Amino acid sequence: MALVFPHSVTTLAIIGSEDRFPVRRIYCVGRNYVEHIREMKEGDERDLPFFFQKPTDSIVSEGEVVPYPPATEDFQYEVELVAAIGKSARNIPVAEALDVVFGYAAGIDLTRRDRQRESFKKGLPWEIGKSFDHSAPCGPLHPVDSVGHRLEGSITLSVNDEERQRADLRQMIWNTPEIIANLSTQYSLEPGDLIMTGTPAGVGPIVPGDRLVATVEGLAPFSFSIGPKKA
Ligand code: MN
């Protein structure tokens, strides 16, 4: 049997290995740091976590250029800890949730903020604001075997060497095991799934030519650039 339109599997590099991590789904958590909820002036700080997805092929890797997307005048960054799933999980308890984590990366939830705000006001889905081409830059994965779990430590983002976001992972409203446990009540998590765990305060616009660097304490920095709008 041949595929009529074969396409490539999206993969992430794994630090310390020649192997690659095949990406299955990309889940994202909305509103997971109090100061970010306050700066957005939307949502309730006590709400349960909620989730949206990005397309698997929206991954952008180290050193690549993200074309400035169409359909926005307010393109923004959100630095996030990314947890990569390595085992199946369904209704997993919080106490066991970290057992299914393969590794961690620094990622960016790129956002068409103007479109997201419109959707919010109209009560419409967030796809146009969140789930577009090149919207999920993600650094190489650091296996738990070598770096352990990332439950605390700094998370930062700089644009053109100027720091814009800085927080500690302990400030997450729902931590990684709680997110995995909750998400696994809604979906069967499978190896290859990524979870972007929400952004701290300090989000803002980016323009063509900007260079972004994301860091999570204990992981290698991750960088990429914004290119011109595609014709
Ligand atoms: Mn986000």
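The following exercises, with worked solutions, concern a predicted model.

**Exercise 1. The metal site**

Identify which residues coordinate the manganese ion, state what spacing the donors follow along the chain, and decide whether Glu 78 and Glu 80 are buried or exposed.

*Solution.*
Step 1. The manganese ion has as its donors an OE atom of Glu 78, an OE atom of Glu 80 and an OD atom of Asp 109, at 2.0 to 2.2 Å.
Step 2. Read along the chain, the donors of the manganese ion give the pattern E-x1-E-x28-D.
Step 3. The cut-off for buried is under 20% relative accessible area. Glu 78 has 4% relative accessibility and therefore counts as buried. Glu 80, at 0%, counts as buried.

**Exercise 2. The sheet of six strands**

Give the strand order of the open sheet of six strands, name the edge strands, and describe how strand 3 pairs with strand 15.

*Solution.*
Step 1. The order in this open sheet is 4-3-15-8-9-12, and the pairing is mixed.
Step 2. Strand 4 (50-54) and strand 12 (142-143) are the edge strands, each of which pairs on one side only.
Step 3. Strand 3 (residues 26-30) runs parallel to strand 15 (residues 194-196), and three bridges connect the pair. Within this pairing, Tyr 27 has Ile 195 of strand 15 as its bridge partner.

**Exercise 3. The sheet of three strands**

Determine the order of the open sheet of three strands, and explain why one side of strand 10 and of strand 16 is left without a neighbour in the sheet.

*Solution.*
Step 1. The order is 10-7-16, with antiparallel pairing.
Step 2. Strand 10 (111-112) and strand 16 (204-205) stand at the edges; because each has a single partner strand, one side of each lacks a neighbour in the sheet.
Step 3. Strand 7 and strand 16 run antiparallel and are joined by two bridges. Gln 76 stands opposite Pro 205 of strand 16.

**Exercise 4. Helix 6 and the nonpolar cores**

Establish how many of the residues of helix 6 are buried, which elements these residues pack against, and which residues have the most contacts inside the largest nonpolar core.

*Solution.*
Step 1. Helix 6 (residues 176-183) is mostly covered, with seven of its eight residues buried. The buried residues are Thr 176, Pro 177, Ile 179, Ile 180, Ala 181, Asn 182 and Leu 183.
Step 2. These buried residues pack against strand 3, strand 4, strand 8 (79-85), helix 2 (94-97), strand 9 (101-108) and strand 15.
Step 3. The largest nonpolar core comprises 44 residues, and Ile 108, Leu 110 and Ile 180 have the most contacts inside it. Among the elements that give two or more residues to this core are helix 6, strand 13, strand 17 (211-216) and strand 18 (222-227).
Step 4. A separate second core has 17 residues, including Val 23, Val 82, Ala 136 and Leu 141.

**Exercise 5. The surroundings of Asp 168**

Locate Asp 168, assess whether Asp 168 is buried or exposed, and list its contacts beyond its neighbours within four places in sequence.

*Solution.*
Step 1. Asp 168 belongs to strand 14 (residues 162-168).
Step 2. Its relative accessible area is 18%, so Asp 168 is buried.
Step 3. Beyond neighbours within four places in sequence, Asp 168 contacts Tyr 33, Glu 152, Gly 153 and Ser 154.
Step 4. A polar atom of the Asp 168 side chain is 3.2 Å from the backbone nitrogen of Gly 153.

**Exercise 6. Positive phi outside glycine**

For His 134 and Asp 161, state what phi each has, where each lies, and how each is classed by accessibility.

*Solution.*
Step 1. Most residues other than glycine have a negative phi.
Step 2. His 134, not a glycine, has a positive phi of about 65 degrees. His 134 is in the loop between helix 4 (127-130) and strand 11 (136-137), and its 27% relative accessibility makes it partly exposed.
Step 3. Asp 161, not a glycine, has a positive phi of about 70 degrees. Asp 161 is in the loop between strand 13 (154-159) and strand 14, and counts as exposed at 72% relative accessibility.

**Exercise 7. The cysteines**

Explain why the sulfur of Cys 28 is not bonded to the closest cysteine sulfur.

*Solution.*
Step 1. A disulfide requires two cysteine sulfur atoms within 2.5 Å.
Step 2. The cysteine sulfur closest to that of Cys 28 belongs to Cys 138 and is 10 Å away, which is too far for a bond.
Step 3. A search of the whole structure accordingly gives zero disulfides.
Step 4. Cys 28 is buried, at 0% relative accessible area, and Cys 138 is buried, at 2%.

Note on methods: Residues are numbered from 1 along each chain as its sequence is written. This is a predicted model: local features need pLDDT of at least 70, side-chain atom pairs count only at pLDDT 80 or more; totals for chains, interfaces and linings use all residues. Side-chain values use heavy atoms; hydrogens and water are left out. Donors are N, O and S atoms within 2.8 Å of the metal (3.2 Å for Na, K and Ca); water is not among the atoms, so sites may look incomplete. Buried means under 20% relative accessible area, exposed over 50%, partly exposed in between (1.4 Å probe, protein chains only). Two strands pair if DSSP finds at least two bridges between them. Contact means heavy atoms within 4.5 Å. A polar contact is a pair of N or O atoms within 3.5 Å; within protein, one must be able to donate a hydrogen and the other to accept it, and residues adjacent in sequence count only if both atoms are side-chain atoms. A nonpolar core is a set of buried Ala, Val, Leu, Ile, Met, Phe, Trp, Tyr and Cys residues joined through side-chain atoms within 4.5 Å.
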